Amino acid sequence: MRKACELVGGFLLFQGLIGIAHELIGWFRLMAMIRFLPFLDGYELYASIGLTVVGFLVVAVAEESGKSSSGSPSGPLISDADRARPE
């Protein structure tokens, strides 16, 4: 599931960045999928910025969920109760 979220987030991030580049400098005409949505006429730049933010958030959440469920303990390796005490 984590890899699927990273893939979707990466695609959204990529499409957002390509859309921003297309709106600002006119490049990547065929790769910017946001321009094919007729209900966004006139708002392509704002939609691309939003798509970039959403893509970044999806990737960040996927990365964070992967860190917490990796199976490794989050605390110290040796607890305070198990350490040898100097005498």
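This report describes the helices, burial, contacts, salt bridges and surface of one predicted chain.

## Basis of the model

The model is predicted: local features need pLDDT of at least 70, side-chain atom pairs count only at pLDDT 80 or more, and totals for chains, interfaces and linings use all residues. Residues are numbered from 1 along each chain as its sequence is written, and side-chain values use heavy atoms, with hydrogens and water left out.

## Overall architecture

The chain has two helices and zero strands. Helices (H or I, at least four residues) and strands (E, at least two) are DSSP runs, numbered from the N terminus. Helix α1 covers residues 2–25, and helix α2 covers residues 44–68. For α1, 24 residues at 1.5 Å a residue should span 34 Å, and the end C-alpha atoms are 34 Å apart, which agrees. The expected span of a helix is taken as 1.5 Å times one less than its number of residues. Just after α1, G26 takes a positive phi of about 85°.

Of the 87 residues, 21% count as buried; buried means under 20% relative accessible area, exposed over 50%, and partly exposed in between (1.4 Å probe, protein chains only). Contact means heavy atoms within 4.5 Å. Among contacts between residues at least 6 apart in sequence, 53% join residues at least 24 apart.

## Buried positions in α1 and the following loop

The buried residues of α1 are E6, G9, Q15, G16, I18, G19, A21 and H22. H22 has a relative accessible area of 17%. Leaving aside neighbours within four places in sequence, H22 is in contact with W27, F28, R29, A32 and R35.

A32 lies in the loop between α1 and α2 and is buried at 1% relative accessibility. Not counting residues up to four places away in sequence, A32 touches Q15, I18, G19 and H22. These four partners of A32 are among the buried residues of α1. A32 and L17 are 15 residues apart in sequence, with their C-alpha atoms 8.8 Å apart in space.

## A47 in α2

A47 lies in helix α2 and counts as buried, with a relative accessibility of 17%. Beyond residues up to four places away in sequence, A47 touches I34 and L40. A47 and I34 are 13 residues apart in sequence, and the distance between them is 7.6 Å, C-alpha to C-alpha.

## Salt bridges

Side chains of opposite charge can pair when their charged atoms come close. A salt bridge here is a side-chain nitrogen of Lys or Arg within 4 Å of a carboxyl oxygen of Asp or Glu. By this rule the count is three, and R2, K3, E6 and E63 are linked in a network of salt bridges.

Two of the bridges involve E6. R2 and E6 meet at 3.4 Å, N to O; these residues are four apart in helix α1, so about one helical turn separates them. K3 pairs with E6, the closest N and O atoms being 3.9 Å apart. K3 and E6 both lie in helix α1, three residues apart, which is about one turn of the helix. E6 is buried, with a relative accessible area of 16%, whereas K3 is exposed at 60%.

The remaining bridge joins E63 and R2 at 3.8 Å, N to O. E63 lies in helix α2 and R2 in helix α1, so this pair ties together parts that are 61 residues apart in sequence. R2 is partly exposed at 35% relative accessibility, and E63 is partly exposed at 33%.

## Surface

The accessible surface of the chain comes to about 6,800 Å², of which 68% belongs to carbon and sulfur atoms. Accessible areas come from the Shrake-Rupley method with a 1.4 Å probe; for residues, only the protein chains shown count as cover.

F14, L24, I25, W27, F28 and M31 make a nonpolar surface patch of about 640 Å². Patches are made of residues with over 30% relative accessible area and no salt bridge; like charges are joined within 9 Å, and nonpolar side chains (Val, Leu, Ile, Met, Phe, Trp, Tyr) within 5 Å. Among the patch residues, I25 is found in helix α1. W27 and F28, also in the patch, are among the contacts of buried H22.
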